[in-house]
Amino acid sequence: MKRIILSSILFVVALGVNAQSYNSDKVAFTNFLVRMYNNAPFEGVRAVDDYDHAYLISVLALDKTKYKTESVINRVASVKAMAQASRYLNGSSITEDMIIHTSEKSDGSSDTEIIENIREYSVGYVKTLEQLTNFIREDGMQVFIFIKQLDMSNTTQQN
C-alpha cells in the first residue's frame with residue numbers, strides 16, 4: 001500500500017515539474033518579445049526563432065479609448081492579427097488609382113486636387129493564432145502580440 005501511495009505522489013510531482021517547465025519557457029519567450037518590441041517598436045508580421053521552434057508573430061496596437069469593452073478590443077485585435085498573418089502567408093493584390101482634378105478660377109488661377117485610392121485584396125485563412133500577451137504603451141495604445149508556430153517540416157537544410 002505504501003508503494004502505491006509513494007509512486008502516485010512521485011507521479012504527480014513529476015507532472016507538476018514538467019508543466020512548470022513549459023510555462024517558464026513560454027514566459028521567457030513572451031518577455032523576450034516584449035523587450036524586443038520596447039527596444040524597437042514595430043507593427044506587422046515577423047518570423048522569430050527560439051532554440052526549438054520557429055514562430056510567426058503578429059503585432060498590432062489599438063487605441064483603447066475607441067472600444068467600449070475589453071472583449072470588443074480583444075476580438076478586433078484577433079481579427080486584425082489574423083488578417084495580417086493571412087496577408088503574410090497567402091499574399092495580397094494591391095491596386096492604386098490616382099485622380100487629378102484641376103479647376104480654373106475666375107481670376108485665372110487654378111486649384112489642383114489629387115485623390116489617390118489604394119486597395120488591397122487578400123484571400124486566405126489562418127487556422128490558429130494564439131494571443132501571447134498584451135500590454136499598454138506609454139502613449140496609451142494597447143499592444144497585442146499573437147503567435148503561431150510555423151511548420152518547418154517542409155523545409156530542407158543544405159550542408
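**Figure 1. Thr 30, a buried residue of helix H1.** In this predicted model, Thr 30 counts as buried because its relative accessible area is 12%, and a residue needs to be under 20% for that label. Thr 30 belongs to helix H1. Leaving out residues up to four places away in sequence, Thr 30 touches Leu 132 and Thr 133. The second of these partners, Thr 133, is the subject of the next view.

**Figure 2. Thr 133 and its contacts, seen from strand S5.** Here we move to Thr 133, which lies in strand S5. Is Thr 133 buried or exposed? With a relative accessible area of 17%, Thr 133 is buried. Neighbours within four places in sequence are set aside in this view, and the contacts of Thr 133 are then Thr 30, Val 34, Val 143, Phe 144 and Ile 145. Thr 30, one of these contacts, is the helix H1 residue from the first view.

**Figure 3. The aromatic pair of Phe 29 and Tyr 55.** Five aromatic pairs are present in the structure. One of them joins Phe 29 and Tyr 55, with 5.0 Å from centre to centre and 40° between the planes, which makes the pair tilted. Distant parts of the chain are linked in this way: Phe 29 sits in helix H1 (residues 2-39) and Tyr 55 in strand S2 (residues 54-63), 26 residues apart. Phe 29 and Tyr 55 are both buried. Look for Phe 32 as well, since ring pairs link Phe 29, Phe 32 and Tyr 55 into a cluster.

**Figure 4. Arg 46 and the ring of Phe 42.** This view shows a charge meeting an aromatic ring. The charged end of Arg 46 sits over the ring of Phe 42. How far is that charged end from the centre of the ring? The distance is 3.8 Å.

**Figure 5. The largest pocket and its lining.** Rolling a probe the size of a water molecule over the atoms shows where empty space is left. The largest pocket has a volume of about 510 Å³. Its lining is made of 19 residues, and those nearest the centre of the pocket are Asp 25, Lys 26, Phe 29, Asp 50 and Tyr 55. Two of these names, Phe 29 and Tyr 55, may be familiar from the tilted aromatic pair. Which elements give two or more residues to the lining? They are H1, strand S5 (130-136) and strand S6 (141-149). H1 gives the most, with six residues. By character, the lining divides into nine nonpolar, three polar and seven charged residues.

**Figure 6. Thr 128 in a loop before strand S5.** Thr 128 is found in the loop between strand S4 (110-121) and S5. Thr 128 counts as partly exposed because its relative accessible area is 48%, a value in between the cut-offs of 20% and 50%. Along the chain, Thr 128 and Phe 146 are 18 residues apart, while their C-alpha atoms are separated by 9.9 Å.

**Figure 7. Ala 83 in helix H2.** Our next stop is Ala 83, part of helix H2 (residues 70-90). The relative accessibility of Ala 83 is 31%, so Ala 83 counts as partly exposed. Val 126 is 43 residues away from Ala 83 in sequence, yet the two are 8.1 Å apart in space, C-alpha to C-alpha.

**Figure 8. Glu 104 in strand S3.** Glu 104 lies in strand S3 (residues 93-104). Why is Glu 104 called exposed? The relative accessible area of Glu 104 is 66%, and exposed means over 50%. Once neighbours within four places in sequence are left aside, Glu 104 is in contact with Ser 109 and Ser 110.

**Figure 9. The whole chain, to place the close-ups.** The protein chain has two helices and six strands. Read from the N terminus on, its elements run α-β-β-α-β-β-β-β. Of its 159 residues, 23% count as buried, among them Thr 30 and Thr 133. How much of the contact count comes from residues 24 or more positions apart? Such residues account for 52% of the contacts with a separation of 6 or more.

Definitions and conventions: Residues numbered from 1 in each chain as written. Predicted model: local features only at pLDDT ≥ 70, side-chain atom pairs only at ≥ 80, totals over all residues. Heavy atoms only, no water. Phe/Tyr/Trp six-rings, centres within 6.5 Å; stacked < 30°, edge-to-face > 60°. Helix = DSSP H or I, 4+ residues; strand = E, 2+ residues; numbered from the N terminus. Buried < 20%, exposed > 50% of the residue type's maximum accessible area, 1.4 Å probe, protein only. Lys NZ or Arg CZ within 6 Å of the ring centre and 35° of its normal. 1 Å grid on protein atoms, 1.4 Å probe; cavity = no way out; pocket = protein on both sides within 12 Å on 5 of 7 lines; lining within 4 Å. Points joined across faces, edges and corners; volume = space filled by probe spheres on them. Nonpolar A, V, L, I, M, F, W, Y, C, P; charged D, E, K, R; others polar. Contact = heavy atoms within 4.5 Å.
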